[in-house]
Every structure is written in C-alpha cells, then in structure tokens.
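Biologist: Could you take me through one part of this protein up close, the part where strands pair up into a sheet? After that, please carry on to whatever else you find worth showing me.

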Amino acid sequence: MAKLVKKKKKKGLRARSGFGGGGSGGGAQETSPFRPKHTPKTPPCMGNCPSGTKIREIIMTIAQTEDAGRTYEESYNQALEMLLEKNPFPAVCGRVCPHPCESGCNRQYKQGEGEGAVSINNIERFLGDWAIEHNVPVPKLSDESFDEKIAIIGAGPAGLSAAYQLARKGYKNITVFEAFSKGGGMMRYGIPDYRLPGDVLDNEIKRITDLGVEIKYNTIIGKDIEYTKLQEEYDAIFVGIGAHRGRLLGIDGENAPNVWTGTEFLNKINSGETIDVGDKVLVIGGGDTAIDAARISRRLGAEVTIVYRRTRNEMPAIEEEIVGAEEEDVEFHFLAAPVEFAMDGENVKSMKCQQMELGEPDASGRRRPVPIEGEYFDIEATTVIAAISQEPDFDGLDMLHEGRDWVKADDKFKAPQEKTYAGGDALDLGLVTVAIFQGRMAADTMHKNFRGIEPEPLPESEVVTKDQIVFSYYMEKARHEAEHLPPSERLKSLEKEIECTFTEEELIDETKRCMSCGSCFDCGTCWSLCQDQVFVKPPLKTFEPYKMKLDLCKGCNKCAESCPCGYIEMIHPITGEKAKIERVK
C-alpha cells in the first residue's frame with residue numbers, strides 16, 4: 001500500500017486518519033462506475049433565512065482572513081458587501097431577528113461541551129455595528145439612472161428595503177411617505193429601546209437616505225394625500241404600512257383608561273411618553289408584543305403577570321425574550337383566558353379568567369385551548385395590556401383590500417390595484433427579515449416591469465443535511481454567547497441595551513466554528529486520501545476546489561465519504577445517478 005501523504009490542515013481543524021468505510025485500498029481495478037463530482041449545495045443556515053442571505057460566504061470570509069492574506073478590516077468590508085446586498089438593516093436584524101438561520105445550522109449536531117449552532121445573529125450584529133462605526137458605503141448595483149417616480153407608503157422595514165434596493169438600481173425619484181415623525185415603523189414603535197436603541201436604527205435609515213431616498217414624515221396617505229392622487233402622479237406605489245393597530249379582547253370595560261392594546265402601549269413608550277401603570281400590570285398574550293410590554297412594565301416598577309391561553313411550549317414569542325422575562329421575575333399564568341373585567345369606577349380593578357386545557361391541534365398546528373367548565377379565578381390589576389394580535393390601519397385605504405382581508409399580492413408582490421405593489425405587515429404579520437425580503441423582491445419586480453426584463457426562476461440547489469457532514473473532522477469548539485446585563489441592572493432603565501455586541505476576538509473565534517456546509521474550504525482531505533492521484537495539488541487559487549483527473553479514478557468513494565462538508569458526491573458520468581454515500585462519522 002502506498003504511503004499516505006497528509007496535507008497540513010488549517011488552524012482549528014483536525015486531520016482524519018484512515019480511509020473511511022468503503023474504499024478498496026487502491027489498485028488498478030475499477031471498484032465502481034461512479035466518479036467524484038464537486039457539488040455545491042445550499043447551507044441550511046441560508047436555506048432557513050427568509051432573506052436568503054449568503055451566511056456561509058459571509059462567515060467564511062472572516063474565518064479565512066489570515067490564510068487568504070487579508071487584513072480583518074478587508075474581510076469585514078467584503079463580508080458587509082455581501083450582507084448589505086440584501087439587507088440594509090444588519091445592526092437591527094442582529095438584535096431583533098429570532099435567527100431561524102441558527103435553528104438550521106448543522107453545527108448544533110456536533111457533540112461536545114458547549115457546542116451548538118454558530119452564533120450567526122451575533123456575527124451579523126458585529127458587522128452591522130462595524131458598518132455604522134466605519135461608515136461603510138453601500139455598493140450600488142448600476143451606474144445607470146432611471147427617471148420613474150416611485151411612491152412608498154410606510155418607512156418600515158418593507159418600505160425602506162424597497163426604497164434601498166430601487167436606489168441601488170439607479171432610481172432617483174423615490175419618495176417615502178411616513179405617518180409618524182420618525183422612520184422605522186414597527187422597528188421603532190414596536191420594539192423597546194433596550195432591545196433596539198434608536199440611534200442604531202437612525203444610522204441604518206441614514207444609509208438609505210444617503211442614497212437619495214426622500215422621506216416625508218407626518219404624512220398620512222388616505223388622509224393628507226389621497227391614494228388615487230399617488231396613482232396619478234407616480235409610476236409605481238409600494239404599500240408597506242405596518243400593523244400598528246392592536247386588537248381588543250371583546251370584553252365589556254376594555255375601553256377603560258387603564259386598559260391598553262400592546263401596540264398602543266409600546267408606541268407611547270417608544271415615543272417618549274410617560275405612562276403610570278401602577279403596581280400590578282396584567283398582560284394578555286404570548287407573542288413578542290406581550291413579552292415586550294411585560295418587560296417594559298417591570299422597568300416601570302410594577303409586578304407583572306402574563307396570562308396566556310396555552311402553555312409555554314406554544315408561546316410564539318422569541319425564546320430568548322421569554323427567558324429574559326423569566327429572569328426579570330415576570331410571572332406567567334398559562335392555560336388561562338380572560339372572560340370578564342371587574343370595575344372600580346371607570347377603571348378595571350381585576351380580571352376574571354377561565355382555566356383552560358389543551359385539546360386537539362387547530363389550523364396553526366398548536367393544540368387548541370379548551371375551557372374547563374366551572375373553573376375560574378381572579379387577578380388584580382392596576383393596568384391591563386391586551387397583546388393578543390394586531391393589524392394595519394386601512395382608514396382611507398379601503399380600496400387596497402376586500403372585506404376583512406389585508407392587501408393581497410402575487411408571488412412577485414404585485415397587488416391587483418393599478419401600479420400597486422405590497423409587502424410586510426400589509427400582507428400578513430411577519431418577522432422584520434421577512435418584510436425586508438418582500439420589499440427587496442417587490443423592488444426587483446418593479447425594476448423588471450419598468451425595464452421589460454423577463455423574470456428568471458430562482459436557482460435551486462440541494463440543502464446540506466447533518467447526514468452529509470463528517471462531524472469528527474471538526475475540532476470541538478464551544479459556542480460564544482453574548483454578554484448580558486444582570487436583571488438587577490436591566491430593570492433600572494428603559495433605554496439601556498441589555499445584550500452586548502461581540503468583541504472582535506469573540507467574533508473571529510466564532511466564525512471559525514462554521515463548517516462551510518456544502519462548499520469547499522480547501523481542507524485537502526480528498527487529496528490526502530486518494531491513492532490514485534486523482535486530485536491535483538495545489539489548487540491554482542487558495543480555497544478553490546482541487547482539480548480532478550477523472551481518467552485516473554477507480555471509483556473507490558473515499559473522497560466523497562470523507563469530505564467534511566458534503567461537497568463531493570459520486571455521480572454516474574452517463575446516467576447522472578448519484579451514489580448512496582456512507583459518510584465517515
């Protein structure tokens with residue numbers, strides 16, 4: 001048997017020994033008709049990201065800085081160019097996104113103390129803050145200039161994303177109409193400062209206005225300007241109104257001065273108004289608005305109880321926010337639903353609740369809460385906050401929807417009304433990152449319609465699963481967690497941010513935990529294990545895949561079985577059939 005030559009591995013990775021499970025040991029005889037093929041795949045982080053952000057490429061750009069001969073500043077700028085390609089709000093999303101990308105990350109299946117998904121959200125936050133601190137310019141897509149006039153209703157994540165992308169494409173006549181005195185929409189008026197400081201949001205909005213986008217504040221379309229007037233004067237309209245109107249409970253007494261909807265309460269607080277909530281606040285609901293209202297009320301000095309009709313497992317709020325509320329001594333009363341208020345003059349003094357139990361799943365997939373006959377209890381309250389749901393305010397914009405439906409748009413975000421496109425909460429309640437994606441796609445549709453460009457189908461590629469990863473290749477490396485203020489410090493301020501941005505050292509170390517799922521990172525495993533010299537050393541360019549001399553290949557499978565990131569597959573050269581590979585564990 002020929003002596004194995006091992007290529008020197010990069011720092012942070014561990015070389016494998018042995019050939020893996022299915023090799024023949026090399027010889028001249030063909031062992032299989034299948035041949036290795038470089039097969040790029042979609043990493044599950046990107047597959048789970050509503051915006052389709054190039055997460056793997058962004059992280060690996062930083063992780064490979066030293067081996068690529070770059071400075072870290074150069075790598076940050078390269079990473080930001082990819083990040084800002086699709087998202088004008090990285091510092092915002094790095095703070096408020098519930099990071100579905102991390103729930104898909106294959107690293108979470110790696111065994112070891114402190115292991116877990118790559119901390120993608122904190123990496124994005126670092127880069128967003130870096131971009132603000134260093135005034136990183138936004139890359140324009142074209143030197144062309146277009147004269148079409150575009151009106152955008154709402155300076156929230158969807159509307160500003162659409163404006164951002166259109167400006168990058170060269171449209172110079174973009175006007176955003178915003179009902180409030182500041183931009184950001186629900187990012188500003190629906191998220192507390194301790195999660196998203198106003199100056200962070202201001203800086204990222206400035207990035208958009210610096211592109212030439214005009215924002216007209218305190219202007220309500222449907223009241224100050226008729227929608228039909230926009231249709232006459234503009235070539236396209238994007239509707240991105242937020243869901244600022246909270247839904248009430250339908251209980252007598254809910255119009256009392258000490259009863260608020262969740263969105264109304266957050267709007268007042270985030271606008272700088274003072275609300276005397278008393279010493280016992282009762283919050284109804286299980287979403288992010290409920291959690292935010294409860295945690296703000298704790299900072300106002302009240303004891304707080306959240307009443308939710310299901311259990312903790314069914315709460316739709318972000319897990320980290322639920323944990324934060326628990327740490328801040330917010331009480332939870334699960335399997336309870338409000339049925340009646342008791343009044344003290346014009347104010348509510350307590351709420352009667354029905355005890356519930358979980359029945360069969362409903363349309364949402366969650367088990368339906370069912371009343372337990374005869375079981376009730378009362379909770380005292382000086383303030384009640386109903387955070388059960390919210391919806392857009394369509395006053396003056398009735399032509400945009402039918403009946404109780406919100407705006408309806410097709411898969412290219414074109415609405416049936418003349419010249420109209422839509423995205424964000426105007427379509428349905430969703431995440432900030434979903435609204436950003438919808439605004440971007442609507443902008444792309446407008447551009448293609450203006451320029452007569454036929455849309456092309458989005459490219460598809462296989463998503464890498466944990467079964468395609470050789471976990472034993474990667475060294476154990478604990479996940480970095482961002483530092484948090486202790487609860488005693490958090491409760492002293494409504495504004496003080498409770499989570500810290502990664503240090504540069506933490507950032508660099510965390511990026512090196514990325515396994516580059518589905519993309520070659522020049523580990524050299526294929527070359528070091530192949531006895532038939534199929535793989536040509538070295539690649540012409542660092543981090544590029546090794547060239548292959550397939551006429552030397554006998555089909556032994558060792559390269560595919562041992563490829564750490566699942567990049568190599570064994571493909572039949574005539575039929576295109578893919579061989580079933582037993583990856584090394």
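Modeller: Let's start with a single pair of residues: Ala337 has Gln354 in E12 as its bridge partner. Keep in mind that what you're looking at is a predicted model. That pair belongs to the match between E11 and strand E12 (residues 347-361), which run antiparallel and are joined over 8 bridges. Zoom out a little and you'll find an open sheet of 3 strands, in the order E11-E12-E13, with antiparallel pairing. At its edges sit E11 and strand E13 (367-380), and each of these pairs on one side only. Going from neighbour to neighbour, the strands of this sheet are turned by 20 degrees against each other on average, if you ignore direction.

Just before E11 there's a small oddity to look for. Leu335 sits in the loop between strand E10 (331-334) and strand E11 (336-344). Its phi is near 55 degrees, a positive value in a residue other than glycine. Asp522 is another one to click on: it isn't a glycine, yet it has a positive phi of about 60 degrees. You'll find Asp522 in the loop between helix H17 (504-511) and helix H18 (525-529).

Now for another sheet. This one is open too, with 5 strands in the order E4-E3-E2-E5-E16, and its pairing is parallel. Why do strand E4 (214-216) and strand E16 (420-422) each have a side without a neighbour in the sheet? They stand at the edges with a single partner strand each, so one side of each is left free of a neighbour there. From one strand to the next, the twist averages 20 degrees. Inside the sheet, strand E2 (residues 146-153) and strand E3 (residues 171-177) pair in the parallel sense over 6 bridges. If you want a spot to aim for, Ile153 stands opposite Phe177 in E3. A helix packs on this sheet as well: H15 touches E2, E3, strand E5 (236-239) and E16, and its direction makes about 145 degrees with that of E2.

Hold on to H15, since we meet it again in the second largest pocket. That pocket holds about 1100 Å³ of space. Its lining takes in 36 residues, with Lys86, Arg440, Met441, Leu458 and Pro459 lying nearest the centre. Helix H1 (44-48), helix H4 (72-86), helix H8 (157-169) and helix H15 (432-451) each bring at least two residues to that lining. H15 gives the largest share, 7 residues. Sorted by class, the lining of this pocket has 15 nonpolar, 8 polar and 13 charged residues.

What about the closed-off spaces? Rolling a probe the size of a water molecule over the atoms is how you see where empty space is left. In this protein, the count comes to 6 cavities of 30 Å³ or more. The largest cavity has a volume of about 210 Å³. It is lined by 20 residues, and Thr53, Ile55, Cys101, Ile120 and Glu124 are the closest to its centre. Helix H2 (55-63), helix H6 (100-104) and helix H7 (120-133) are the elements that give two or more residues to this lining. H7 gives the most, with 5 residues. By class, the lining of the largest cavity comes out as 13 nonpolar, 6 polar and 1 charged.

Next comes the second largest cavity, with a volume of about 120 Å³. It has 14 lining residues, and here Cys520, Cys523, Cys526, Cys563 and Ile568 are the closest to the centre. This lining has 11 nonpolar residues, 3 polar ones and no charged ones.

Finally, step right back and look at the whole protein. It has 19 helices and 19 strands. Along its principal axes, the C-alpha trace spans about 95 × 60 × 45 Å. How does the radius of gyration sit with that of a compact globule? For 585 residues such a globule would have a value near 25 Å, and this protein has 27 Å, which agrees.

Notes. Residues are numbered from 1 along each chain as its sequence is written. This is a predicted model: local features need pLDDT of at least 70, side-chain atom pairs count only at pLDDT 80 or more; totals for chains, interfaces and linings use all residues. Side-chain values use heavy atoms; hydrogens and water are left out. On a 1 Å grid over the protein atoms alone, a cavity is a set of points where a 1.4 Å probe fits but cannot get out, and a pocket is an open set with protein on both sides within 12 Å along at least five of seven lines; lining residues have an atom within 4 Å of a point. Grid points are joined across faces, edges and corners, and a volume is the space filled by probe spheres set on the points. Helices (H or I, at least four residues) and strands (E, at least two) are DSSP runs, numbered from the N terminus. Ala, Val, Leu, Ile, Met, Phe, Trp, Tyr, Cys and Pro count as nonpolar, Asp, Glu, Lys and Arg as charged, and the others, Gly among them, as polar. Two strands pair if DSSP finds at least two bridges between them. Axes are lines fitted to C-alpha atoms, for helices over the stretch in contact, and angles run from 0 to 180 degrees between N-to-C directions. Contact means heavy atoms within 4.5 Å. The radius of gyration is taken over C-alpha atoms; the globule rule is 2.2 Å times the number of residues to the power 0.38.
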